[in-house]
Amino acid sequence: MSALSQLYVVVLATVGIGLTAALLAWRERPEPGATPLVAMLAGQSWWSVFFAFELQATTLAAKTFWSDIQWVGVVVIPVAWVLFAMEYTGRDQYVRPKYVALLSVVPVVTVVLAATGDYHNLLYTGSELVERGDAEILRRDGGPWYWLAASYTYLLGLVGSVPLLGYVRSETSQFRGQSVALLIGTIVPWVSNILFLYGAIPISGLDPTPVAFAISGVAYLSALTKFRLLGTSPAPNRRARRLVFERMQDAAVVVDNHDYVVDMNESATEMLGTTARAALGRPARDVLPKYDHVPSVGTSSEHVTVDGWNGQRHYDVTVTEVSDFHGRNVGRVISYHNVDEHLRHQQRLEVLNRALRHNIRNETNVIYGYADLVADEDGPESDRAEIIKERAIAIADMGEKARQIVDIFDQVRRAPRTVPLSDLAAERTADVADRFPDAEVRVETLPEDVYVNAVLGPALSNLVENAVEHNADATPTVEVSATVDDGRVRLVVADDGPGIDAHERAVLERGTETALDHGSGLGLWLVTWAVGIADGTVEFEENDPTGSAVTVEVPTLPADNPQAADAARDPDDGANFRRHPNESPTSSD
């Protein structure tokens with residue numbers, strides 16, 4: 001078989017590979033990049049098909065005819081490549097009819113010049129047949145428009161390749177494999193065509209680019225099958241990042257190194273009562289309120305009050321540095337987080353804390369005092385007075401737990417206080433043992449030099465207290481033990497009582513209460529919330545043979561707080577109503 005016949009077979013194989021890849025891409029429509037990729041593969045196949053016809057032709061007229069027809073595929077490839085790269089990388093704003101029309105000006109003119117080549121020398125200045133062994137090859141000398149079209153083709157190829165280069169180093173192996181395969185499929189035909197233009201090929205005058213499409217087609221098939229091109233696409237990444245910036249609730253303003261506003265999101269325009277068009281390009285101090293009070297990068301947030309079109313608003317302002325690829329600072333993102341709701345919530349907590357800390361306790365003290373006076377008198381009212389006293393104690397206990405819950409939530413906005421686990425357990429269990437002398441509260445030897453969040457204290461107190469209170473035995477028993485493993489503490493509170501009701505646990509697991517489906521108190525909620533604030537978990541299990549075992553798992557903390565030793569107990573914990581049952585009716589806190 002002659003070299004020309006072998007070349008003919010290779011070209012036909014190239015067409016088969018290209019059409020197979022085009023069919024696979026066509027099936028993925030309307031995935032981003034699918035349609036342009038089909039157009040590009042169709043252009044390659046068009047070029048290869050009519051190149052095969054050119055090889056088989058025997059006259060100069062026939063060869064030039066098939067050569068001119070090839071230009072349709074030649075000019076489609078670079079345009080389709082750019083459109084594919086734009087859609088594939090999420091830059092689909094450039095894939096619009098006006099941009100497609102603009103990109104197609106040079107290709108359309110080229111095709112027209114190829115069809116009318118007999119009347120000018122703009123595309124080719126001459127065509128002839130040259131002997132190459134036993135075959136005649138068409139050799140054509142390019143005119144001025146030929147070199148313009150070639151330059152334009154390489155320019156579009158470069159423009160389309162630049163966005164893909166960013167994914168060569170992607171952390172996602174599929175995107176990395178896709179981009180490498182796509183670049184190989186584009187670079188190989190480039191190189192072969194450049195070698196042809198400079199005459200550095202074995203057969204002078206024969207353009208090997210259609211043959212190189214065989215390698216290109218294999219690369220595209222690999223991208224479509226092995227690396228799931230069009231099945232997994234990075235197209236949403238670019239748009240998603242912009243969408244997150246635009247739709248984020250915090251107002252965000254981008255300022256360059258010269259203190260000019262260069263970008264802002266929708267929340268920022270709403271906060272400032274302006275539009276992006278009116279604000280961009282202006283000095284930041286003319287746009288942003290109290291710009292001189294904006295904190296520097298790396299410092300804590302600053303509280304700023306803004307008098308906007310919708311009234312006075314309060315914001316926490318933070319600044320994030322923007323760096324380029326080389327690590328150089330090119331600007332800052334100034335974020336305004338609205339804290340109005342947080343301030344209102346803080347006010348509500350302060351009012352509730354005052355009411356629970358003083359008012360309820362004082363009022364129940366008064367009720368208890370008067371009930372105590374009635375109970376001292378002989379008569380049928382004495383039994384009822386005892387009931388009143390019990391209810392007064394229950395109300396005071398619930399108010400105390402609610403106050404502790406308010407204090408726990410108040411600690412969310414503070415830095416966590418650390419406390420030695422052994423000290424916390426000793427303090428809390430001793431407190432319960434003093435109040436219930438008939439109970440046996442045992443604490444196993446706890447790990448030394450282990451520190452936890454002090455918010456765990458009220459949770460432990462309530463677990464031990466509940467275990468004692470709900471145990472009908474004359475001598476309730478509660479055991480507290482703990483183990484440490486891989487930076488986490490497992491604290492277990494086990495008792496021999498009746499156990500925790502399944503309904504109570506179901507309410508906690510569901511996380512909500514209703515008027516008809518709720519728990520019996522606040523103690524277990526207090527435990528759940530406190531442990532949650534300490535970044536821990538709570539598990540309720542049955543103890544063997546009776547009772548319950550509650551496991552609290554929380555992370556250990558570094559002992560870096562000088563107040564750690566004083567944080568083992570809340571200084572106001574001693575103000576429990578049941579410790580002072582005989583206060584006078586008029587006592588006040």
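These are my notes on one sheet, the helices against it, and one serine in a predicted model.

**Entry 1: the sheet.** I looked up the strand order first. Five strands make an open sheet, running S9-S11-S12-S14-S13, with mixed pairing. I then checked which strands sit at the edges. They are S9, residues 440-443, and S13, residues 537-542, and each has a pairing partner on one side only. I also noted the twist, which averages 15° from one strand to the next.

**Entry 2: the S9 edge.** I followed S9 to its partner. S9 pairs with S11, residues 477-485, in the parallel sense, and I noted four bridges for this pair. For a single position, I looked up arginine 442, which stands opposite glutamate 479 of S11. Helix H15, residues 421-435, packs on the sheet here and touches S9, S11 and S12, the last being residues 488-495. The direction of H15 makes about 175° with that of S9.

**Entry 3: the S13 edge.** I turned to the other edge strand, S13. Helix H18, residues 523-533, lies across S13 and S14, where S14 covers 548-555. H18 runs at about 140° to S13.

**Entry 4: serine 335.** I went next to strand S7, residues 329-338, where serine 335 has its place. Is serine 335 buried or exposed? I entered serine 335 as buried because its relative accessible area is 13%, and the cut-off for buried is under 20%. I then listed its contacts, leaving aside neighbours within four places in sequence. Serine 335 is in contact with Ala251 and Ala252, and also with Asp316, Val317 and Thr318.

Conventions. Residues numbered from 1 in each chain as written. Predicted model: local features only at pLDDT ≥ 70, side-chain atom pairs only at ≥ 80, totals over all residues. Heavy atoms only, no water. Pairing = 2+ DSSP bridges. Helix = DSSP H or I, 4+ residues; strand = E, 2+ residues; numbered from the N terminus. Axes fitted to C-alpha atoms, helices over the stretch in contact; angles between N-to-C directions. Contact = heavy atoms within 4.5 Å. Buried < 20%, exposed > 50% of the residue type's maximum accessible area, 1.4 Å probe, protein only.
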